[in-house]
Amino acid sequence: MHARTVSTVGTAIAIVAGAVGTLVSQVDQSAGARSSDTSARPLMLDSKEGELRTRRVHTDSSSPASSQFILKVSPKNNGSQSLVAGTEVLAPGAALPKHRHLVQDEILLIQGGTAHVWLGDQERDLHTGGLVFIPANTWISGKNIGATPIALTFVFSAPGFEETMRCNSVAAGETPTPITPEQQQDCAHLGHSESAGRLDSPKK
């Protein structure tokens, strides 16, 4: 009787161990498949490296936040399907027009200078090292109120808005083409964003 019980327990343990081994193997295979399916490539870029683009010339009296920007991480730049990141420099007095992103969260990192930022129903000055977290559907605008340029880094939680940025610009070295307010609106729709319009932007 005792021998039969030990044998039964031993058999049960072997079955459980085999099942666990099979499950672990399946998890490993699944993880391997996910790893091999990803097309994102590792990147290390210096400050001036990436996809440099020049903003198109506005046919109305509005001005873009900066004349150029660099896209560094995106599906087209390195195959990332999860993040978009880039940089631009805001000269003293330059402003980010009031707008919102309908799908993506965004983070802005302020490196140098002083910015006055309007975010939803909040506003305040931010300095070197400041961070702005912009949930989707939140209105955002800002202005460089300091005497020195602001090096701005932007990170989006999902691809999309980089297509708006490309639509509003040309590759560096090309002659910037004119863009009408209606075309700017069409470009905004590409990246799931909305603009409040230049006259609706807060002023300081």
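**Salt bridges and an open sheet**

In this predicted model, a salt bridge joins the side chains of Arg55 and Glu88, with 3.1 Å between N and O. This pair ties together distant parts of the chain, for Arg55 belongs to strand E1 (residues 51-55) while Glu88 belongs to strand E4 (residues 84-90), and the two residues are 33 residues apart. Are these two partners buried or exposed? Arg55 has a relative accessible area of 17%, and because buried means under 20%, Arg55 counts as buried. Glu88, with a relative accessible area of 7%, is buried as well. Side chains of opposite charge can pair when their charged atoms come close.

The contact between Arg55 and Glu88 is one of the salt bridges of the model, and a search of the whole structure finds six. Another is formed by Arg53 and Glu51, whose closest N and O atoms are 3.2 Å apart. Arg53 is buried, its relative accessible area being 12%. Which residues are joined with Arg53 in a network of salt bridges? The network links Arg53 with Glu51, Lys76, Glu163 and Arg166.

A further salt bridge brings together the side chains of Glu194 and Arg100, at 2.9 Å from N to O. Here too the pair links distant parts of the chain, since Glu194 lies in strand E14 (residues 193-195) and Arg100 in strand E5 (residues 95-101), with their positions 94 residues apart in the numbering. Glu194 is partly exposed, with a relative accessible area of 30%, and Arg100 also counts as partly exposed, at 21% relative accessibility.

The strands that carry Glu194 and Arg100 lead on to a sheet, in which E5 and E14 are neighbours. This open sheet is built from five strands in the order E8-E7-E10-E5-E14, and their pairing is antiparallel. Which strands form the edges of the sheet? They are strand E8 (122-126) and E14, each of which pairs on one side only. When direction is ignored, neighbouring strands of this sheet are turned against each other by 25 degrees on average.

Within the sheet, E5 also pairs with strand E10 (residues 140-144), in the antiparallel sense and over three bridges. In this pairing, Ala95 stands opposite Lys143 in E10. Strand E5 can thus be followed in two ways, through the salt bridge that Arg100 makes with Glu194 and through the antiparallel pairing with E10.

How values were computed:
Residues are numbered from 1 along each chain as its sequence is written. This is a predicted model: local features need pLDDT of at least 70, side-chain atom pairs count only at pLDDT 80 or more; totals for chains, interfaces and linings use all residues. Side-chain values use heavy atoms; hydrogens and water are left out. A salt bridge is a side-chain nitrogen of Lys or Arg within 4 Å of a carboxyl oxygen of Asp or Glu. Buried means under 20% relative accessible area, exposed over 50%, partly exposed in between (1.4 Å probe, protein chains only). Helices (H or I, at least four residues) and strands (E, at least two) are DSSP runs, numbered from the N terminus. Two strands pair if DSSP finds at least two bridges between them. Axes are lines fitted to C-alpha atoms, for helices over the stretch in contact, and angles run from 0 to 180 degrees between N-to-C directions.
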